[in-house]
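User: I'd like to go through some of the labels on this one and see what backs each of them up. Can you take me through the reasoning?

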Amino acid sequence: MSTLIVIVYPDELKAEQVRLDFLKMQKEYLVSLEDAVIAVKKPDGKVKLNQMYNLPLGGAMSGGLWGTLIGLIFLNPLLGLVVGAGAGAVAGALSDVGINDDFMKKLAATITPGSSALFVLVDSAITDKVRAELQGTGGKILQTSLSTPDEEKLQKALDEARKQQNTANG
């Protein structure tokens with residue numbers, strides 16, 4: 001079962017850092033990421049989504065390869081490459097994998113301008129090791145499909161940074 005977590009950060013840089021932490025945890029087999037998107041609310045109120053995967057580029061590359069192979073069969077590889085790359089790019093642009101873009105834009109519209117929200121969809125449990133990796137990153141959970149006790153544990157781990165900053169400043 002997939003778990004959705006949405007964490008709000010004061011800026012895009014912090015959200016990107018935490019997304020990189022999730023990618024590192026995936027390489028270490030601590031978590032299985034399905035999608036990780038950063039939604040940034042610009043000062044003018046518009047929301048921009050920074051996807052983890054560039055679907056049109058991947059589609060163009062895949063379509064170009066298949067188009068070339070099919071073009072070789074019909075003795076026109078260049079035409080096959082062009083047609084395949086174009087069709088692949090269109091297919092990639094039209095496909096939406098992971099978290100629904102409209103949902104992310106609507107939810108991100110509720111955050112303050114200049115801040116960002118990290119949308120993470122994982123296909124694994126949020127273990128103590130994952131919480132330890134996220135400890136001290138700050139952020140506020142905006143929405144999650146975790147159980148209430150698990151959500152509280154995760155928010156506690158995120159809050160460690162604020163507690164440390166407050167004691168250092170005070």
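**Strand pairing and burial**

Analyst: Sure. Leucine 33 has valine 122 as its bridge partner in S4. Keep in mind that this is a predicted model.

User: What makes S2 and strand S4 a pair?

Analyst: Two strands pair once DSSP finds at least two bridges between them. S2 and S4 (residues 116-122) have seven, and they run antiparallel, so the pairing rule is met.

User: How do you know that S2 also pairs with strand S3?

Analyst: By the bridge count again: four bridges link S2 to S3 (residues 47-50), in the antiparallel sense. One position on this side is valine 40, which stands opposite lysine 48 in S3. The two strands make a hairpin with five residues between them, and glycine 45 in the turn has a positive phi of about 95°.

User: Why is valine 40 called buried?

Analyst: The cut-off for buried is under 20% relative accessible area. Valine 40 comes in at 6%, so it is buried. Valine 40 sits in strand S2 (residues 33-41), and its contacts beyond four places in sequence include Glu12, Val47 and Ser116.

User: What makes S2 largely enclosed?

Analyst: Eight of its nine residues are buried, so the rest of the structure largely encloses S2.

User: How do you know that the buried residues of helix H4 are on the same side?

Analyst: In H4 (residues 101-108) the buried ones are Met104, Leu107 and Ala108. They cover an arc of only 95° around the axis, which puts them on the same side of H4. The face turned away from that side carries the exposed residues Asp102 and Lys106.

User: Why is the contact between arginine 19 and glutamate 16 called a salt bridge?

Analyst: A side-chain nitrogen of Lys or Arg has to be within 4 Å of a carboxyl oxygen of Asp or Glu. For arginine 19 and glutamate 16, the closest N and O atoms are 2.8 Å apart, so the pair qualifies. The two residues are three apart in helix H1 (residues 12-27), which means about one helical turn separates them. Arginine 19 is buried at 7% relative accessibility, while glutamate 16 is partly exposed at 25%.

User: And what makes lysine 24 and glutamate 133 a salt bridge?

Analyst: Their closest N and O atoms are 3.5 Å apart, so they come in under the 4 Å limit. Lysine 24 is in helix H1 and glutamate 133 in helix H5 (residues 128-134), so the pair ties together parts 109 residues apart in sequence. By this rule, the count of salt bridges is two.

Terms used:
Residues numbered from 1 in each chain as written. Predicted model: local features only at pLDDT ≥ 70, side-chain atom pairs only at ≥ 80, totals over all residues. Heavy atoms only, no water. Buried < 20%, exposed > 50% of the residue type's maximum accessible area, 1.4 Å probe, protein only. Contact = heavy atoms within 4.5 Å. Arc of directions from axis to C-beta.
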